[in-house]
Amino acid sequence: MKHKVKTNWKGNMAFEAIVNDLPLMMDAAEEFGGQNLGPRPKELLLASVSGCTGMDVVAILKKMQVELESFNMEIEADMTEEHPKHYTKMHLIYEFKGKNLDRSKLEKAVTLSQDKYCGVSFMFKKFLEFTYEIRIIES
């Protein structure tokens with residue numbers, strides 16, 4: 001299996017990637033010559049992690065018949081100061097909201113995603129410290 005993404009320069013520091021036939025604009029901040037037309041590439045890596053594991057978790061919880069009011073994730077990543085600047089540590093917070101949520105089911109879904117299904121997390125774990133936590137908000 002192969003994935004293919006085509007990326008076109010749109011002037012200045014802006015690039016448009018075509019991903020699954022959908023456009024995704026990336027750009028630099030104004031201070032770096034961009035026009036802030038889209039997210040930065042490194043932050044998109046963080047979004048890829050949360051999207052990948054989030055889809056896993058939702059699918060697993062659906063099979064477990066767990067009903068959520070909301071589900072959010074937040075990722076914080078530490079980056080080096082020297083070039084090439086790269087992430088060295090990543091922490092993902094899973095935040096679930098609902099009534100009488102079963103913590104063991106949430107933990108199982110997250111663990112399955114992190115240990116078995118999410119290929120994006122798997123790749124990151126090869127070169128940086130990756131941690132996560134689960135928060136539950138009762139409604």
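**Gln114 and the sheet beside its helix**

Author: In this predicted model, Gln114 is in contact with Thr53, Leu92, Tyr94, Ser121, Lys125, Phe130 and Tyr132, if its neighbours within four places in sequence are left aside.

Reader: Why is Gln114 called buried?

Author: The relative accessible area of Gln114 is 4%, and the word buried is used for values under 20%, so Gln114 is buried.

Reader: What makes the link between the side chains of Gln114 and Ser121 a polar contact?

Author: A polar contact needs a pair of N or O atoms within 3.5 Å, one able to donate a hydrogen and the other to accept it. The side chains of Gln114 and Ser121 are joined at 3.3 Å, and those of Gln114 and Thr53 at 3.5 Å, so both distances satisfy the limit of within 3.5 Å and both links are polar contacts.

Reader: How do you know that strand S5 and S6 pair?

Author: Two strands pair if at least two bridges are found between them. Ten bridges join strand S5 (residues 87–98) to S6, and the two run parallel, so they meet that condition. In one of these bridges, His91 has Thr131 in S6 as its partner.

Reader: What makes S4 and S6 the edge strands?

Author: The open sheet has three strands in the order S4-S5-S6, with mixed pairing. Strand S4 (70–79) and strand S6 (129–138) each pair on one side only.

Reader: Where does helix H2, which holds Gln114, pack?

Author: Helix H2 (residues 103–117) contains Gln114. H2 packs on the sheet and touches S5 and S6, with its direction at about 155° to that of S6.

Methods
Residues are numbered from 1 along each chain as its sequence is written. This is a predicted model: local features need pLDDT of at least 70, side-chain atom pairs count only at pLDDT 80 or more; totals for chains, interfaces and linings use all residues. Side-chain values use heavy atoms; hydrogens and water are left out. Helices (H or I, at least four residues) and strands (E, at least two) are DSSP runs, numbered from the N terminus. Buried means under 20% relative accessible area, exposed over 50%, partly exposed in between (1.4 Å probe, protein chains only). Contact means heavy atoms within 4.5 Å. Axes are lines fitted to C-alpha atoms, for helices over the stretch in contact, and angles run from 0 to 180 degrees between N-to-C directions.
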